[in-house]
Amino acid sequence: MATMKFMCDAERCIECNGCVTACKNANEVEWGIQRRRVVTLDDGEPTEVSISVACMHCDDAPCIAVCPTETLYQRDDGIVLHDKDLCIGCGYCLYACPFGAPQFPQQSAFGERGKMDKCTFCAGGPADSKEEEYAKYGANRIDEGKLPLCAEMCSTKALLAGDAQEIADIFRQRVVRRGHEDGGWSGNPRAEADSLAHDATRQG
């Protein structure tokens, strides 16, 4: 069985926040919850870089290890989900997660934070009906044979989602092409071997 993962190609992310908007629209999460966000480092500098961040569905998820009520669990395909009926709002998962993925509707004390919410890889969660599942966890696109909407709506294809091996192969090809002497336009007769990128203004 495939292991499902996210990967954001920082070289392609343009900080458009399309993934954030797509996630909000697909899951209709309550106010204050942001399952996906775009983080920008060195904003305004030549070294500026952006990356789309959400739950990374870790192989050895620390949030699962610290949850006292076994709210969090991992499916056979690697997707980490949670059962809102078991959550007590303790916040342990938030402190354990290196990506800050778990969200709480309130910033109150223990037991008063409300039910934890996080990215579900658009795989829904435990519920008795489709309506209840959507109300609690949002869209279940995986059951429909689709990828998470955030990745599908990424205009530059910076955000990849799906089988970990396929994503790794795609990224590996991108890295090889970036390191090519003609900037990845191999086979283009107008590209010069001594240039790093093809100048589209040149003719012939």
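Which residue forms a salt bridge with Lys84? I looked this up before anything else, and the partner is Asp117, with the closest N and O atoms 2.8 Å apart. The two residues sit in distant parts of the chain, 33 residues apart. I found Asp117 in the loop between α3 (92–96) and α4 (130–137), and Lys84 in the loop between β5 (80–82) and α3. Both Asp117 and Lys84 are buried. I note that the model is a predicted one.

**Entry: overall layout**

I then went over the whole chain. Its secondary structure comes to 6 helices and 6 strands. Read from the N terminus, the order of elements is β-α-β-β-α-β-β-α-α-α-β-α. The chain has 204 residues, and 41% of them count as buried.

**Entry: other salt bridges**

How many salt bridges does a search of the whole structure find? The search gives 14. Side chains of opposite charge can pair when their charged atoms come close. I looked up two further pairs.

Arg12 forms a salt bridge with Asp9, and here the closest N and O atoms are 4.0 Å apart. I checked how far each partner is covered. Asp9 has a relative accessible area of 1% and counts as buried, because buried means under 20%. Arg12 has 33% and is partly exposed. The pair also belongs to a network of salt bridges, in which Asp9 and Arg12 are linked with Arg174 and Arg178.

Lys146 forms a salt bridge with Glu144, the closest N and O atoms being 3.3 Å apart. Is Glu144 buried or exposed? Glu144 is exposed, at a relative accessible area of 53%. Lys146 is partly exposed, with a relative accessibility of 38%.

**Entry: Phe6 and its partners**

I turned to the aromatic rings, and the count comes to 1 aromatic pair. The pair is made by Phe6 and Phe121, whose ring centres are 4.5 Å apart. The angle between the planes is 45°, and the pair is tilted. Why does this pair tie together parts that are 115 residues apart in sequence? Phe6 lies in strand β1 (residues 4–8) and Phe121 in the loop between α3 and α4, so the pair joins those two parts.

Both rings belong to residues with little accessible area: Phe6 is buried at 6% relative accessible area, and Phe121 is buried at 0%. I also looked for a charge at the Phe6 ring. Arg36 lies over the face of Phe6, at 4.5 Å from the ring centre.

**Entry: His82**

Where is His82 placed? I found His82 in strand β5. His82 counts as buried, with a relative accessibility of 0%. A polar atom of the His82 side chain lies 3.4 Å from the backbone oxygen of Met116.

**Entry: a patch on the surface**

Last, I looked at the surface. Which residues form a nonpolar patch there? They are Val66, Tyr92 and Tyr95, and together they have about 320 Å² of accessible area. Tyr95 is in helix α3. With a relative accessible area of 58%, Tyr95 counts as exposed, because the cut-off for exposed is over 50%.

Note on methods
Residues are numbered from 1 along each chain as its sequence is written. This is a predicted model: local features need pLDDT of at least 70, side-chain atom pairs count only at pLDDT 80 or more; totals for chains, interfaces and linings use all residues. Side-chain values use heavy atoms; hydrogens and water are left out. A salt bridge is a side-chain nitrogen of Lys or Arg within 4 Å of a carboxyl oxygen of Asp or Glu. Buried means under 20% relative accessible area, exposed over 50%, partly exposed in between (1.4 Å probe, protein chains only). Helices (H or I, at least four residues) and strands (E, at least two) are DSSP runs, numbered from the N terminus. Patches are made of residues with over 30% relative accessible area and no salt bridge: like charges are joined within 9 Å, nonpolar side chains (Val, Leu, Ile, Met, Phe, Trp, Tyr) within 5 Å. Accessible areas come from the Shrake-Rupley method with a 1.4 Å probe; for residues, only the protein chains shown count as cover. Rings of Phe, Tyr and Trp (its six-membered ring) pair if their centres lie within 6.5 Å; planes under 30 degrees apart count as stacked, over 60 as edge-to-face and the rest as tilted. A charge sits over a ring if NZ of Lys or CZ of Arg is within 6 Å of the ring centre and within 35 degrees of the ring normal. A polar contact is a pair of N or O atoms within 3.5 Å; within protein, one must be able to donate a hydrogen and the other to accept it, and residues adjacent in sequence count only if both atoms are side-chain atoms.
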